[in-house]
Amino acid sequence: MASERDENVRLPRGSREQNYLPHADNPRPRLAIERLMEINKNYPRAKCAKAFTSVQLQSFLTGAPDNEYLDVKVAAVLSIMGACQRIQLFDMTLAHITVRETSLMITIPQIKKSIARTFSVNTPWKEIVQQYIQMRPEGTQHDFLFINYQNGRCTPQKMSIMKIGRMPRRMAEYLQLPNPETYTSHVFRKTSHALLANAGHNLATLLYIQ
């Protein structure tokens, strides 16, 4: 009897609650659900970001010509070794880099609630980063690390965050991987996590670099 009484309950017309109850007098919720199901069925699902393997990374860093891909190599080294996001590369300055005898100590710029972290870049990848820094034009009015790089030359303009975000795709195109458009700005960071996991690092380490 209680259920029958509940089914016969009608809220006042125009009330907010009535607008969302799927009774016979108000078919809008049912129609909205059907419409969402139809959109979901026809809308192409987003492809998940992929990750580079250690073999692919090695092949790119040692084989890609510097006059075209040096900036991409630097971004790959820093992103993968430090699990950096593209905004952190965009904000990174020369002051975040400390030169040591056999390595570079990198302090990652903090964003939002991220934990302050440092990591080291050792030989031979250290030389890639230093080569890029040494090509910096004299008189550059800022100290941001990533500046425009074309045809083997740097210009003083700060590199855009969009260009940094396209670097995994450029790497995938060089390696002639299928569907290079799926290699989004998240791929370098995902590659870092995958290489750490494959090397046997535990969950605590992976959570620390989130």
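This passage describes the overall make-up of a predicted model, followed by one helix pair and one buried tyrosine.

The protein chain contains 11 helices and 5 strands. Of its 210 residues, 37% are buried. The accessible surface of the chain amounts to about 13,300 Å², and carbon and sulfur atoms account for 53% of this area. When contacts between residues at least 6 apart in sequence are considered, 52% of them join residues at least 24 apart.

Packed helices are described by the angle between their axes and by the distance between those axes. Helix α5, residues 66–82, packs with helix α10, residues 187–198, at an angle of about 50°, and the two axes lie 7 Å apart. The two helices are therefore oblique to each other, since an angle of this kind falls outside the ranges counted as roughly parallel, antiparallel or perpendicular. The crossing of α5 and α10 is right-handed. On the α5 side, the contact is formed by A75, A76, S79 and I80, which meet F188, T191, S192 and L195 of α10. By type, the residues of this contact comprise 5 nonpolar and 3 polar, with no charged residue.

Y149 is located in strand β4, which spans residues 147–150. Its relative accessibility is 5%, so Y149 counts as buried, the cut-off being under 20%. Leaving aside residues up to four places away in sequence, Y149 touches D66, N67, E68, L70, D71, Y132, M135, C154, M159 and K163. One of these, L70, is separated from Y149 by 79 residues in sequence, while the C-alpha to C-alpha distance between the two is 8.1 Å.

Terms used. Residues numbered from 1 in each chain as written. Predicted model: local features only at pLDDT ≥ 70, side-chain atom pairs only at ≥ 80, totals over all residues. Heavy atoms only, no water. Axes fitted to C-alpha atoms, helices over the stretch in contact; angles between N-to-C directions. Helix = DSSP H or I, 4+ residues; strand = E, 2+ residues; numbered from the N terminus. Parallel < 35°, antiparallel > 145°, perpendicular 65-115°, else oblique. Left-handed = near helix turned anticlockwise from the far one by under 90°. Contact = heavy atoms within 4.5 Å. Nonpolar A, V, L, I, M, F, W, Y, C, P; charged D, E, K, R; others polar. Buried < 20%, exposed > 50% of the residue type's maximum accessible area, 1.4 Å probe, protein only. Areas by Shrake-Rupley, 256 points an atom, 1.4 Å probe, with all protein chains shown as cover.
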